[in-house]
Amino acid sequence: MRFTRTRTAKAAAAVVVAVPLALGGLTTQSHAQGASPSPSGTFGPGCSSLSQKASTAKDNVVEAAAAYPQLSQLVAATVRAKLSSTLDGKPDVTIFAPNDQAFQNVTVSQLSSLLSNEGQLKKVLTYHVVDKKITPDELSKGSFTTVEGSKLTTSGSGTDFKVNGKANIVCGNIQAANATIYVVDAVLQPPS
């Protein structure tokens with residue numbers, strides 16, 4: 001009985017010493033990273049409300065996007081534009097994915113016109129795609145050529161980023177097998 005009490009007391013003492021050391025290590029680490037470190041996982045105010053059906057890390061980009069109900073209009077537009085196999089066949093792409101709210105902010109006549117013109121729909125959708133993996137570190141002052149052929153820019157710091165100075169990244173750094181997805185709150189328009 002005495003042996004058990006001694007072992008329990010030693011284990012409790014080890015926990016009392018280890019917890020402050022671990023917390024001290026975390027504190028030192030966060031100071032070393034600076035005020036606005038780039039996120040390493042998913043980030044953004046919309047991630048908590050962006051429910052998904054399952055893990056998407058092993059799915060190609062269109063299937064991964066389909067796992068998020070808030071991206072249903074984007075997935076439907078991608079299928080309508082016959083871009084699914086094109087996007088799924090590309091290695092390491094980045095998608096700035098407009099959520100359903102972004103599509104609701106487009107006027108009914110603009111959306112109807114866009115959906116009835118496959119060429120224009122492809123142009124708009126491929127403007128949301130960059131043919132390389134973009135990490136959160138690259139978002140602070142980024143300029144990227146899209147698959148459509150025009151440039152888009154990213155700016156911000158920490159977990160607060162914008163695309164083209166107006167679309168907010170509401171949830172970023174979602175990983176798919178062949179893509180990184182940044183959910184945005186606006187449908188981006190390529191320059192005329």
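Two strands pair if DSSP finds at least two bridges between them. In this predicted model, β6 and β7 meet that criterion in the antiparallel sense, with four bridges. The chain as a whole has seven helices and seven strands, and 39% of its 192 residues count as buried. The points below cover confidence, overall organisation, the nonpolar cores, strand β7, helix α7 and residue T78.

**Confidence**
- The average pLDDT of the chain is 81, and 76% of the residues score at least 70.
- Over residues 1-36 the pLDDT stays under 50. For that segment the model has three contacts beyond four places in sequence.

**Overall organisation**
- The order of elements along the sequence is α-α-α-α-β-α-α-α-β-β-β-β-β-β.
- When contacts between residues at least 6 apart in sequence are considered, 64% join residues at least 24 apart.
- About 10,600 Å² of the chain is exposed, and carbon and sulfur atoms supply 56% of that area.

**Nonpolar cores**
- The largest nonpolar core holds 34 residues, of which V61, L125, I181 and V183 touch the most other members.
- Two or more residues of this core come from each of the helices α2 (61-66), α3 (72-80), α5 (100-104), α6 (108-116) and α7 (118-126), and from each of the strands β1 (93-98), β6 (167-175) and β7 (179-184).
- Helix α2 makes the greatest contribution to this core, giving four residues.
- A second core, separate from the largest one, has 16 residues, including I134, F161, I169 and A186.

**Strand β7 and its partners**
- All six residues of β7 are buried.
- A179, I181 and V183 point one way from the strand, whereas T180, Y182 and V184 point the other way; both sets are buried. I181 and V183, from the former set, are also among the residues that touch the most other members of the largest core.
- β7 pairs with β1 in the parallel sense over six bridges. Within β7, Y182 is the residue opposite F96.
- With β6, β7 forms a hairpin that has three residues between the strands. The pairing of these two strands is antiparallel, and Q175 has T180 of β7 as its bridge partner.

**Helix α7**
- L121, V124, L125 and T126 are the buried residues of α7.
- These buried residues pack against α3, α6 and β2 (129-130).
- L125, one of the buried residues of α7, is also listed with V61, I181 and V183 as touching the most other members of the largest core.

**Residue T78**
- T78 belongs to helix α3.
- The relative accessible area of T78 is 6%, so the residue counts as buried, the cut-off being under 20%.
- A polar atom of the T78 side chain lies 2.8 Å from the backbone oxygen of L74.
- An α-helix has 3.6 residues a turn, so residues three or four places apart point the same way.
- Leaving aside residues up to four places away in sequence, T78 touches V62, L83, S84, L87 and L125. One of these, L125, is a buried residue of α7.

Conventions:
Residues are numbered from 1 along each chain as its sequence is written. This is a predicted model: local features need pLDDT of at least 70, side-chain atom pairs count only at pLDDT 80 or more; totals for chains, interfaces and linings use all residues. Side-chain values use heavy atoms; hydrogens and water are left out. Buried means under 20% relative accessible area, exposed over 50%, partly exposed in between (1.4 Å probe, protein chains only). Contact means heavy atoms within 4.5 Å. Accessible areas come from the Shrake-Rupley method with a 1.4 Å probe; for residues, only the protein chains shown count as cover. A nonpolar core is a set of buried Ala, Val, Leu, Ile, Met, Phe, Trp, Tyr and Cys residues joined through side-chain atoms within 4.5 Å. A polar contact is a pair of N or O atoms within 3.5 Å; within protein, one must be able to donate a hydrogen and the other to accept it, and residues adjacent in sequence count only if both atoms are side-chain atoms. pLDDT is the predictor's confidence in each residue, from 0 to 100.
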